[in-house]
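Here is a friendly walk through one protein chain, from its overall make-up down to a few single residues. Please keep the viewer open as you read.

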Amino acid sequence: MKSFAYREAPRLFSRSSTAQRAPIAAYTTTWAQGQRRGFAGSTARLAVKPYLLADIGEGITECQVIQWFVKPGARVEQFDPICEVQSDKASVEITSRFDGVIKKLYYEPDDMAKVGKPLVDIDIQSEISAADEALLNGSSDKRAAEEASKPAQPQAQELEVGRNDTKAAAENVSSSEQSMSLRPEPLTEQPKPQRQSGKHASLATPAVRGMLKDLRLNIEDIEGTGKEGRVLKEDIQRHAQAAKQASSSTSAPTTVAAVASQQVEDRVHALTPVQSGMFKQMTKSLSIPHFLFTDSIDFSSLTQLRRKYNVNRDKAERITPLPIIIKAVSLALQQFPLLNAHLDTTTNPAKPQLSIKGGHNIGVAVDSPSGLLVPVIKNVQNHSIRSLSQEITRLADLARAGKLTSADLSGATFTLSNIGSIGGSAVAPVIVTPQVGILGIGRAKVIPAFGENGELVKREECVFSWSADHRVIDGAYVARAAEEVRKSIEGVENMLVTLR
């Protein structure tokens, strides 16, 4: 019985009428078509992917777009640079995480980009067309260009228009189609000679870009003398002076009455990212009750030590007073740890907490072309005076070149402002939250003073200005810490004994 069923089953199926088999065939065809349509629709929806601006630093919600390295239609690969952005702390270069074609730029240069919002659109599934491949390989095969420009493939044509190398494919398109697309430049027109520029010829700091806006100049018209063609302030001034001289030589002399009638227009511009960060930080700092304490320090012993050490040494190896002062402050912070702390008033406003830090991460204010920056020297307690000098030089060079990273500018537990490098004797420094103390250093000056026996002597003095958060630190505590720093600097030999 089992063998009969096995043999008869095919016969029973074969005797079924055509009308009975038709629904099965129709269902099979419909199912296969549905599968093909669903697969094609899924691919199209995933072709273009928005590239979001990721978090580039702690507490940063927006940044300024300095320069684009790509344009719509450009093909990029993974890790290729897309643009450079400037936050309130440092400049960051954004790279691509995908291989594809740039479809859209969401911001113009100098616009403020939001963290977490789209930066560009990247077509991550577009491949090189037959026309592009023929151009890249140097082939003279016209069939590939004709196939890429057929009207039956509108999606391929739209992609080719956005690329830089569509000129060969557009030659075989009909005149009616050329009127609907981008027209190439006439072959008879000779291109204008362009000035050879470096890799970063159009890259400039916000201060330089502000000067360009004020003078209404184009950065591409200025020849940069900085690294890799970077445009500097001196280049802008030189270019403006040359343009002024050229205009004055071709125009008639201006009369005195015409000069007197000229009016200076007001200029309004938005805050730079560095200025915006300083605005937010100083607004918070104004809520802190500051306690100010000043003291005069005798630099005679420090200057004698420096002169002996710097004899017959190169300029890069010479020691300035700053690393010695930073080391003296670190030794004082070991005895007065409350000055090396963070005050937390946001986690629980009803019960503020004081977090005393173990490492001495001292921030040093540096005057840079983009504004005041405060790079941080980590773990000063483990540094020697020589290594501190090298670290100060490294961070200052990065600050002036605009290459400081977020790690170089974060984590400070105490701040030191060397305003004396510019000028001024005394200063009232403002505390940077959540820190509780800051030290301002004035310019050292030679003054007349009386010696031990009443004789008149020359003395090199410098004013140290201390500011502390009076909510958690009293004046006596700051005065004792300042006295310890004074003893270390006026008796440098005694300070060297305590170094590790």
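The report below starts with the whole chain and then turns to helix packing, nonpolar cores and individual residues.

**The chain as a whole**

Do bear in mind that this is a predicted model. The chain contains 16 helices and 19 strands. Of its 500 residues, 34% are buried. If you take the contacts between residues at least 6 apart in sequence, 62% of them join residues at least 24 apart.

**Helix α13 and its two partners**

A good place to begin is helix α13, which covers residues 321-335. Its crossings with α14 (residues 385-401) and with α15 (475-490) are set side by side here.

| Helix pair | Axes come within | Crossing angle | Nonpolar, polar and charged residues in the contact |
|---|---|---|---|
| α13 and α14 | 9 Å | roughly 120° | seven, one and one |
| α13 and α15 | 9 Å | roughly 135° | eight, two and one |

The axes of α13 and α14 cross at roughly 120°, which makes α13 oblique to α14. The handedness of this crossing is right-handed. On the α13 side, the contact is made by Leu322, Pro323, Ile324, Ile326 and Lys327, and they meet Ile385, Leu388, Ser389 and Ile392 of α14.

With α15, the axes of α13 cross at roughly 135°, and that makes α13 oblique to α15. The crossing of α13 with α15 is right-handed. Here α13 contributes Ile325, Ala328, Val329, Ala332 and Gln335, while α15 brings Tyr477, Ala481, Glu484, Val485, Ser488 and Ile489.

**The nonpolar cores**

Which residues have the most contacts inside the largest nonpolar core? They are Ile326, Val329, Leu416, Phe464, Trp466 and Ile489, in a core of 50 residues. Helix α13 supplies the largest share of this core, with nine residues.

Ile326 is worth selecting in your viewer. Leaving out residues up to four places away in sequence, Ile326 touches Ile362, Val364, Ile377, Val380, Leu388, Ile392 and Leu416. Two of these, Leu388 and Ile392, also appear in the α14 side of the helix contact described above.

There is a second, separate core as well, with 17 residues that include Cys63, Val76, Val85 and Val120.

**Helix α12 and what surrounds it**

Helix α12 spans residues 300-310, and its residues Ser301, Leu302, Thr303 and Asn310 are buried. The buried residues of α12 pack against α13, α15, α16 (492-498) and strand β19 (456-469). After α12 comes Asn312, which has a positive phi, near 60°.

**Two residues up close**

Is serine 488 buried or exposed? This residue of helix α15 counts as buried because its relative accessibility is 9%, and the cut-off for buried is under 20%. Setting aside neighbours within four places in sequence, serine 488 is in contact with Ala328 and Met495. Ala328 is one of the α13 residues in the contact with α15.

Leucine 217 sits in the loop between α8 (206-215) and α9 (233-250). With a relative accessibility of 27%, leucine 217 counts as partly exposed. Apart from neighbours within four places in sequence, leucine 217 is in contact with Leu212, Ile222, Ile236 and His239. Leucine 217 and histidine 239 are 22 residues apart along the chain, and 9.3 Å separates their C-alpha atoms.

How values were computed. Residues numbered from 1 in each chain as written. Predicted model: local features only at pLDDT ≥ 70, side-chain atom pairs only at ≥ 80, totals over all residues. Heavy atoms only, no water. Axes fitted to C-alpha atoms, helices over the stretch in contact; angles between N-to-C directions. Helix = DSSP H or I, 4+ residues; strand = E, 2+ residues; numbered from the N terminus. Parallel < 35°, antiparallel > 145°, perpendicular 65-115°, else oblique. Left-handed = near helix turned anticlockwise from the far one by under 90°. Contact = heavy atoms within 4.5 Å. Nonpolar A, V, L, I, M, F, W, Y, C, P; charged D, E, K, R; others polar. Core = buried A, V, L, I, M, F, W, Y, C linked by side-chain atoms within 4.5 Å. Buried < 20%, exposed > 50% of the residue type's maximum accessible area, 1.4 Å probe, protein only.
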